[in-house]
Amino acid sequence: MALSKGLLYGMGNPLLDMTAVVDEDYLKKYDLQPNNAILADDKHRSIYDELLNENYNVSYSPGGATQNTIRVAQWYLKEENATSFVGCIGQDTFGEKLKACMKKEGIRTNYLVDPKVPTGVCAVLITGGNRSLVTRLDAANEYKHTHLVSPPVWALVTEASFYYIAGYFLTVSTDSMIEIGDHAVKENKCFAMNFSAPFLSQFFKDPMTKVLPYCDIVFGNDDEARAFAKDFGLNTTDLHLIAQKVAAMPKKNTQRSRIVIFTQQGDPIILFKDGKIKEYPVIPISADDIVDTNGAGDAFVGGFLAEYVQGADMDKCVQNGAHAAHMIIQVSGCTLPEEKSSS
């Protein structure tokens with residue numbers, strides 16, 4: 001079956017990932033946790049220069065949660081231009097690298113280019129099987145709602161039937177998320193979001209409260225789900241109950257029941273749909289084969305959505321998500337094989 005052009009639309013923070021192996025002392029120096037994601041503040045600014053100028057073996061790859069998810073989905077879908085991605089980059093070499101890579105991977109992009117601010121970067125600091133993400137948004141933080149509603153970009157929105165925006169974009173342009181959410185509700189299209197990081201439900205609770213009613217699918221990991229439950233007063237740490245309560249929160253499109261999916265690293269994936277909880281095992285892997293967990297959650301969503309947009313049942317969607325995560329944790333960063341293997 002031929003896929004319609006631009007079927008899946010992503011909007012988020014396009015970043016260039018700088019991945020390096022560091023030791024625990026390095027994390028302590030910058031007061032970082034081994035498996036967390038934060039936005040850089042002034043005390044973290046020197047990390048990027050250190051990685052560039054000292055003896056770290058840095059690898060570069062396209063990054064940013066939503067951009068990675070769209071890349072994984074496109075890899076599974078194979079058909080050129082089945083996906084689109086929108087965000088803001090700088091007028092610089094890193095921005096050009098991102099454009100070229102996305103084009104090569106068959107994804108249509110329409111980046112807002114800000115000549116005054118550099119393309120965003122994310123330091124991916126690897127210790128053992130853990131990854132600590134320190135993001136300097138820069139241009140990614142400058143995305144404007146006016147770009148979204150410009151005719152060429154809005155044409156990508158109207159052409160799509162499925163939308164995915166990671167929660168990180170709540171820090172950038174909630175108006176843009178709501179604009180797409182309104183369109184999705186009006187046209188009975190599917191709008192999906194990810195909790196993305198524990199700090200979002202704590203420090204960006206108001207924007208999250210505004211966007212959640214548009215969400216037909218909510219993704220998250222166990223830490224993010226429990227942080228959300230605490231910040232939104234759900235009075236439980238039980239992931240089954242949290243999923244059930246998130247599904248029951250106010251929703252604008254009553255034609256679709258909300259699906260909630262939580263991943264737990266090596267523990268079973270939790271799915272709540274139509275009043276029922278189901279658990280799915282992850283694909284077993286030995287610790288020796290795990291190179292880097294960065295991008296595993298984004299890859300899971302990409303694998304899931306690649307099946308979901310084609311009308312597959314939940315079992316197949318979750319299994320493909322698990323396959324994608326299993327593949328990505330065996331490589332550095334969100335690096336995709338040249339050719340698609342069968343899932």
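Which residues point one way from β9, and which the other way? This is a predicted model, where local features need pLDDT of at least 70 and side-chain atom pairs count only at pLDDT 80 or more, while totals for chains, interfaces and linings use all residues. Residues are numbered from 1 along each chain as its sequence is written, and side-chain values use heavy atoms, with hydrogens and water left out.

**View 1. The two sides of strand β9.** Gly120, Cys122, Val124 and Ile126 point one way, Val121, Ala123, Leu125 and Thr127 point the other, and all are buried (under 20% relative accessible area with a 1.4 Å probe, protein chains only). Strands here are DSSP runs of E, at least two residues, and helices are runs of H or I, at least four, numbered from the N terminus. Because eight of the eight residues of β9 (residues 120-127) are buried, the strand is largely enclosed by the rest of the structure.

**View 2. The partners of β9.** Strands pair if DSSP finds at least two bridges between them. With β2 (residues 15-21), β9 pairs in the parallel sense over seven bridges, and Val21 stands opposite Ile126. With β10 (residues 130-136), β9 pairs in the antiparallel sense, also over seven bridges; here Leu125 has Ser132 as its bridge partner.

**View 3. Phe304 in the largest nonpolar core.** Such a core is a set of buried Ala, Val, Leu, Ile, Met, Phe, Trp, Tyr and Cys residues joined through side-chain atoms within 4.5 Å. Of its 64 residues, Phe219 and Phe304 touch the most other members. Helix α13 (residues 314-328) gives the largest share, eight residues.

Note on methods: Buried < 20%, exposed > 50% of the residue type's maximum accessible area, 1.4 Å probe, protein only.
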